[in-house]
Every structure is written in structure tokens, then in C-alpha cells.
Amino acid sequence: MTHTTPTLTQTQLQEIDFGIQYNLNYIQRLNEIRNLIEDQNEITTKNISKIDKNTCLVKAVLFIKSKLKLSVFEKTTVLNFDKSVEDIKTYVSEKMEYFIEDESCKCDIEFVCNIKNTFLTTGMVLGFVGAFEGSSFKCTKIVFPKTLEGSSCKAKPQKFLMLSNAKINKNFEKIIPLIDIYGEQIDDILILGSVFDNNLDNWDFSRFERSLETFKGNVYFVPGANDPTTNFVPQTPLHKLLFSNLKCIKTLPNPAKVTINHKKYSFLDYKLLIKDFMRYKKNSDPIDALKAIVNCRHLAPSAPDTIPSIPFTGNDPFILHSCDFFVCGGEQTDFEIYKDKFLLSLPDFDATNTAVLFNAENCYVQEVSVSYDLLEGRKENK
């Protein structure tokens with residue numbers, strides 16, 4: 001029997017009113033995050049429909065318009081969710097337009113304050129201090145949500161082997177030595193997407209069983225772009241049938257929020273999530289993107305605008321209420337402590353053969369590479 005997956009034509013996609021479908025997402029996001037934005041002393045808080053020439057605070061969703069930005073809301077955009085936006089390096093253009101929106105209405109906004117070093121993306125819920133002048137709201141100050149909290153307990157020893165863009169079916173021969181050599185020194189393994197190379201036919205995970213069947217920790221898999229799951233965020237966890245029936249296998253969504261040894265972690269892939277962040281600010285890097293996430297307290301503010309997102313009616317799954325460690329994919333290793341949160345960007349394993357050993361207790365980061373010397377040393381130790 002031949003199974004055919006139903007698909008929508010480009011014309012049918014164009015006829016879908018995504019604005020209505022996703023409006024509830026933004027309302028829910030606004031209702032949850034506005035409570036995290038502190039009122040300003042002696043400044044009245046108003047809805048957009050009530051603003052006038054008097055200075056006030058507006059808590060609203062920021063939207064950014066750019067000719068370089070594909071958007072699910074633009075009727076002129078030809079939507080093709082199978083087509084990558086990889087060719088788009090930045091959304092930043094000379095004639096960027098901004099507007100803010102709440103339940104009452106929307107209006108154009110101009111930033112009188114200097115936003116050159118402020119990382120803003122479409123979909124962020126922020127506070128805007130200013131007044132209505134001419135045909136737009138003139139913003140003199142941006143108010144971010146209250147500082148993100150972390151766990152109160154002291155970090156315990158927790159050692160990870162972390163790989164990003166591992167493409168395990170392609171790089172099996174390189175990953176196994178790392179597990180064999182460092183398996184007894186670590187507590188858990190994190191593999192960020194892309195987990196698989198979808199250009200290959202061999203998806204046999206059983207090759208890893210010898211190294212993992214005696215592993216005492218957990219192996220966390222977070223999908224990424226082109227992995228066999230939805231391309232809408234949050235990406236659903238990879239199906240367990242892709243892996244062996246090993247108890248150590250833990251499949252997570254992308255982005256993922258998880259508690260490990262009483263500490264809270266957020267994991268994000270590079271190609272689908274972090275790269276979209278970086279398109280909103282020229283010359284930015286993954287650590288800059290993670291800082292923006294910490295500041296706005298949202299893991300995917302540009303969804304559903306420039307990242308396809310699953311509509312939801314309950315709580316916004318991307319809002320952050322507490323987190324200690326942020327780990328994302330990248331091209332090279334980088335890390336920083338920012339507002340008491342540890343931010344870590346992992347190297348591209350498929351491109352560099354480099355993984356990271358990370359100790360959460362003291363935030364120690366060490367690169368480990370698959371090299372001729374490493375493989376030879378492994379043979380000598382046998």
C-alpha cells in the first residue's frame with residue numbers, strides 16, 4: 001500500500017489567515033510577560049488606544065518590518081516551509097519599520113532612545129516609555145522584563161559531554177571514541193541537532209549500543225533543522241523508535257527546558273533558532289542571541305513571525321520563569337556569565353570534529369577533538 005502525505009499548495013498556503021490563527025499566541029504571550037515588566041515610578045501605564053501626548057508606559061508586543069525579512073503574516077510572501085532561509089544573512093535593512101501592538105490596537109513606534117546596542121527581535125514583549133507625537137509613538141526608554149531568576153541551590157558536580165550538529169549516522173566513527181574515552185568521567189551526554197544527516201540512508205542506531213549499554217548517565221537528544229520531526233517550534237522530541245530501547249536515551253523538544261540535578265537548563269539548536277535570532281542584529285553571535293533571550297525571557301520571540309510555530313491556546317511554552325544554564329549550537333566554542341546565568345555556545349561537530357566537556361559545578365569548559373593522536377592514544381590504552 002502506498003502512503004501519500006497530504007500537502008498544501010502555495011495558493012492554499014497563501015489563503016490561510018495566519019494572523020487570526022496566531023493572534024491567540026501573541027495575546028497569551030503578552031498577558032504572561034506584561035506581569036513581569038515593572039511599572040515605572042510616576043509614569044502612568046496605558047493601553048495603546050489610550051496613549052496621548054503625555055508620557056506613559058505601554059506594555060506591548062514589538063513587531064519589526066524589513067524588506068529582507070520573510071514573514072508568515074505578509075500576504076505577498078510566498079510561503080514554502082520546505083525551503084530554507086539559509087540564504088538570508090540578516091533582516092537588518094536601512095529602512096526598518098517598527099510597530100507595537102496590544103489587545104486594544106497597534107501603532108507605529110520610533111525610538112528616540114539609542115537602540116544601536118540593544119538586541120531587539122520581532123515578537124518581544126517589552127515596556128515602552130514615551131508619548132504620542134505626530135503619527136507615531138516616540139519611545140524614550142525600553143523596559144525589559146524583570147531579571148530572570150535561577151535555582152537557589154548550589155550547583156552540584158554534573159559533567160557533560162556535549163555535541164552540536166553531531167549528525168550521528170554520518171559521524172558514528174568519530175563519536176564512539178569520545179564516548180569510550182570520556183564515558184567514565186561524565187554524568188550525561190547532550191546531543192543538539194541536527195542529530196541526523198538526512199542525506200544518508202543509514203539510520204541504524206544499534207551501532208551505539210555497545211558504548212551506551214553500560215553508560216550510567218542519560219543521553220539527551222534535542223532535534224534541530226532537518227531532523228525527522230516537525231519544522232515548527234517547539235519541535236517535538238525525536239521518536240524513540242529511531243533509537244534503541246536503552247533506558248539512558250532521553251528525547252527532548254527544541255527548544256528544551258529541563259531540570260538536571262536540581263539545576264535548570266535551556267537547550268536550543270543553532271540553525272533553526274539561534275541563526276534566526278542573529279539575523280535581527282548585524283555582526284551578532286550565538287552568545288549575543290542567548291543574552292537577548294535572557295533579557296526578554298522568551299526562547300523564541302520571533303516565532304511564529306519568522307520561525308514557523310505550532311499555534312497554542314494555553315500557556316506560552318517558550319516563556320522563561322527560571323533558568324541557570326543556556327546551551328546552544330554554534331560554529332565555535334564560546335561562553336560567558338551574564339546576569340548570573342552561564343551561557344555556552346557549542347562548536348559545530350560535523351564541521352570541526354570538536355565536542356565540549358562541561359562541568360556545571362564550576363562552569364569549566366574544555367574542548368575535546370577527534371584527532372589522529374586521540375585515536376592512537378585510545379589504542380595504546382587498550
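This is a short talk on one sheet, some salt bridges, a buried phenylalanine and the cysteines of a single structure.

Before anything else, please keep in mind that what we are looking at is a predicted model.

Let me begin with the sheet. It is an open sheet of 5 strands with mixed pairing, and the strands come in the order β11-β12-β13-β15-β14. At its edges stand β11 and β14, each of which has a single partner strand, so one side of each is left without a neighbour in the sheet. Averaged over the sheet, and with direction ignored, neighbouring strands are turned by 20° against each other.

Starting from the β11 edge, β11, residues 256–260, runs antiparallel to β12, and 5 bridges join the two strands. If you would like one pair to look for on the screen, threonine 259 has lysine 264 in β12 as its bridge partner. These two strands form a hairpin with 2 residues between them, and in that hairpin asparagine 261 takes a positive phi near 55°.

On to β12 itself, which covers residues 263–268: 5 of its 6 residues are buried, so this strand is largely enclosed by the rest of the structure. The pairing of β12 with β13, residues 325–329, is parallel and consists of 4 bridges, and here phenylalanine 267 has valine 327 in β13 as its bridge partner. As a general reminder, strands of a sheet pair through backbone hydrogen bonds, and they may do so either parallel or antiparallel.

At the other edge, β14 and β15, the latter spanning residues 341–346, run antiparallel and are joined by 5 bridges. Within this pair, glutamate 336 stands opposite leucine 343 in β15. Helix α6 packs on the sheet, where it touches β12, β13, β14 and β15, and its direction makes about 145° with that of β15.

Glutamate 336 brings me to the salt bridges, of which the model has 11 by the rule applied here. The side chain of glutamate 336 meets that of lysine 291 in one of them, with 2.9 Å from N to O. This pair links distant parts of the chain, since lysine 291 lies in helix α6 and glutamate 336 in strand β14, residues 334–338, with their positions 45 residues apart in sequence. Glutamate 336 is partly exposed, its relative accessible area being 29%.

A second salt bridge joins arginine 29 to aspartate 316, whose closest N and O atoms are 3.3 Å apart. Arginine 29 belongs to helix α2, residues 18–33, whereas aspartate 316 sits in the loop between α6 and β13, so the pair ties together parts that are 287 residues apart in sequence. Are these two partners buried or exposed? Arginine 29 is buried, with a relative accessible area of 1%, and aspartate 316 is buried as well, at 4%.

A third salt bridge is formed by the side chains of aspartate 350 and lysine 167, at 3.7 Å from N to O. Here too the pair links distant parts of the chain, 183 residues apart, with aspartate 350 in helix α7, residues 349–352, and lysine 167 in the loop between β7 and α3. Both of these residues are buried. The picture extends to one further residue, in that Lys167, Lys170 and Asp350 are linked in a network of salt bridges.

Next, let me turn to phenylalanine 221, which is found in strand β9, residues 218–222. With a relative accessibility of 1%, phenylalanine 221 counts as buried. Which residues does phenylalanine 221 contact, once its neighbours within four places in sequence are left aside? They are Ile168, Ile191, Val195, Phe205, Phe243, Ile249, Lys250, Thr251 and Leu252. As for serine 194, which is 27 residues away along the chain, its C-alpha atom is separated from that of phenylalanine 221 by 9.7 Å.

Finally, the cysteines. How many disulfides does the structure hold? The count is 0. In the case of cysteine 56, the closest cysteine sulfur is that of cysteine 107, and at 9.3 Å it is too far for a bond. Cysteine 56 is buried, with a relative accessible area of 0%, and cysteine 248 is likewise buried, at 7%.

How values were computed:
Residues numbered from 1 in each chain as written. Predicted model: local features only at pLDDT ≥ 70, side-chain atom pairs only at ≥ 80, totals over all residues. Heavy atoms only, no water. Buried < 20%, exposed > 50% of the residue type's maximum accessible area, 1.4 Å probe, protein only. Pairing = 2+ DSSP bridges. Salt bridge = Lys/Arg side-chain N within 4 Å of Asp/Glu carboxyl O. Axes fitted to C-alpha atoms, helices over the stretch in contact; angles between N-to-C directions. Contact = heavy atoms within 4.5 Å. Disulfide = S-S within 2.5 Å.
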